[in-house]
Amino acid sequence: MIDVAVGDRVELRAWGSTAALVVEDPAALPAAERVLMRELAAVDAACSRFRIDSEITRLHALAGTAVTVSPLLAEALTVALRAAQLTDGVVDPTVGSAVRALGYDRDLADLPRDAPGPVQAPLPAPGWWRVTWDPMSRRLLLPHGVELDLGATAKALAADRIAVQASEEVGCGVLVSLGGDVRVAGAAPVGGWRLGVGDDHEHAQTDPAATVTITVGGLATSGTTRRRWRRAGRDLHHIVDPRTGDVADGYWRTASVAAASCVDANTASTAAIVMGAHAPVWLERCRLPARLVAVDGRVVRTTGWPGPGGEELA
Amino acid sequence: MNRPEPNHLRRRAEGRRRVGRATGWTAATGGVLAGVFGLAFAYDMPTATAAPAAVASAASDDDPVPVPAPVTPPSTVAPHRHHASPTATLQPPAAAPGPSTGGSRHASSGAS
């Protein structure tokens, strides 16, 4: 359902957060909006672990059997496994059981925010290397006991797909933001697309220093300030360290990364939250511009991220 | 005293020859068997690049393929090539983000 459709933009609720579409030419909005709705529905039907009729849910029921998956799920799997490989398993799609053990077993809107009962003991991820995947034939063999959660990379993939397809179809510059995972495509407006960067994608940033412009690629922010719940007095959030199965240590409050695609930006920003203190060095090595905010408010930027003096450079 | 008799020396020399022949045959047989098993395993063991094709050809909906389940990551094994996308590293943007010179924001990026 569309919440806002004014001039050059459409906003709606999707996947427990906000989806926004902005076009350079307002006349192109209806056509771009059709791409947005079509892709959101397709990615949800393929990748949502909260839907009993989604392709990935059916896949879990066929664990232990080699199956052929749809082209869209194949792309999502390839992206997720590549993210795991490029982060040495710090971003791992086999955290499905771990996330569920922490209580995140349904859509966030339906999740009790505070409950007295404790969660299960943390379940380390079985490991992405257990998944046998052939992208050429789209054949997947998921071992018994391995549950996938494509949440992080699938949302970013959707932003990439929508922005690129919409821009190609309508022939103008397009910005897509899915829960703060941003991708732009086509000709950017003069001065670039202006993005506020902060703790919460739904609240406009008032600090001019936290506003950047991009003309190409993607920008994603991962953080532990949203998608939180409480069990037996313990605060939990949705970013899981696959190595322990527990929530990632709270070293960074948010990590914002710019990259060639939203998938790469999201992969790096999620990895940064899990890596903690090691993240700035890793991001520098990847040559990814980034802005990290520690839980105490300290800001660290890597090379390429604009900012005022006074903020630490990695 | 304790001087070996000639017959005793002959028997000892003959024994050494027999042991030598047996050892030689054993070594030769072992070498041949090692070669045979080596070749057999070399054909059975998929390499990192051959693994996807081997799995794909062996797999069918009716014929589940058992998957080895290592307890820890095979750190010394080369990464599975079929998991890599065309870009083998995370790609930086073609143009770095710039500072804003003012104006309303098109969108916000934050935790969701």
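This tour moves through a predicted model of chain A, from paired strands to a helix, the nonpolar cores, two loops and the cysteines.

The model is predicted, so local features need pLDDT of at least 70 and side-chain atom pairs count only at pLDDT 80 or more, while totals for chains, interfaces and linings use all residues. Residues are numbered from 1 along each chain as its sequence is written, chains are lettered from A and ligands numbered from 1 in the order in which they are written, and side-chain values use heavy atoms, with hydrogens and water left out.

**Strands S8 and S9**

Select residues 174-178 of chain A, which form strand S8. Strands (E, at least two residues) and helices (H or I, at least four) are DSSP runs, numbered from the N terminus. Five of the five residues of S8(A) are buried, where buried means under 20% relative accessible area, exposed over 50% and partly exposed in between (1.4 Å probe, protein chains only). Val174(A), Val176(A) and Leu178(A) occupy one side, Leu175(A) and Ser177(A) the other, and both faces are covered.

Next add strand S3, residues 17-23 of chain A, which runs antiparallel to S8(A) and is joined to it by five bridges. Two strands pair if DSSP finds at least two bridges between them. Within this pair, Ala20(A) stands opposite Ser177(A).

Now select strand S9, residues 181-185 of chain A, which pairs with S8(A) in the antiparallel sense over five bridges. Here Leu175(A) is opposite Val184(A), and Val176(A) has Arg183(A) as its bridge partner. Two residues separate the strands of this hairpin, and Gly179(A) takes a positive phi near 60°.

S9(A) is largely enclosed by the rest of the structure, since five of its five residues are buried. Asp181(A), Arg183(A) and Ala185(A) point one way from the strand, and Val182(A) and Val184(A) the other way. Bring in strand S12, residues 218-223 of chain A: two bridges join S12(A) to S9(A), and the two run antiparallel. Gly218(A) is the residue opposite Arg183(A) in S12(A).

**Helix H6**

Select residues 262-275 of chain A for helix H6. H6(A) has 14 residues and reaches 19 Å from its first C-alpha to its last, close to the 20 Å expected at 1.5 Å a residue; the expected span is 1.5 Å times one less than the number of residues. H6(A) is largely enclosed by the rest of the structure, because 14 of its 14 residues are buried. Just after H6(A) comes Gly276(A), with a positive phi near 70°.

**The nonpolar cores**

Show Val69(A), Leu73(A) and Leu150(A), the residues with the most contacts inside the largest nonpolar core, which has 53 residues. Such a core is a set of buried Ala, Val, Leu, Ile, Met, Phe, Trp, Tyr and Cys residues joined through side-chain atoms within 4.5 Å. Elements that each supply at least two residues of this core include S3, S8, helix H5 and H6 of chain A. A second, separate core has 27 residues, among them Ala259(A), Ala268(A), Leu283(A) and Leu288(A).

Centre the view on Val69(A). Leaving aside neighbours within four places in sequence, Val69(A) is in contact (heavy atoms within 4.5 Å) with residues including Leu59(A), Leu77(A), Trp133(A) and Leu140(A).

**Two loop residues**

Move to Glu147(A), in the loop between strand S7 (139-141) and helix H5 (151-170) of chain A. Glu147(A) is buried, with a relative accessible area of 14%. The side chains of Glu147(A) and Arg100(A) are joined by a polar contact of 2.6 Å. A polar contact is a pair of N or O atoms within 3.5 Å; within protein, one must be able to donate a hydrogen and the other to accept it, and residues adjacent in sequence count only if both atoms are side-chain atoms. Beyond four places in sequence, Glu147(A) also touches residues including His60(A), Pro93(A) and Ser97(A).

Then select Leu111(A), in the loop between helix H4 (96-101) and strand S5 (114-115) of chain A. Leu111(A) is buried at a relative accessible area of 4%. Leu111(A) and Arg228(A) lie 117 residues apart in sequence and 9.7 Å apart in space, C-alpha to C-alpha.

**Cysteines**

Finally, display the cysteine sulfur atoms. Zero disulfides are found over all chains, a disulfide being a pair of cysteine sulfur atoms within 2.5 Å. The closest cysteine sulfur to that of Cys47(A) is in Cys262(A), 14 Å away and too far for a bond. For Cys172(A), the closest is also in Cys262(A), at 19 Å, too far for a bond. Cys47(A) is buried at 8% relative accessibility, and Cys172(A) is buried at 12%.
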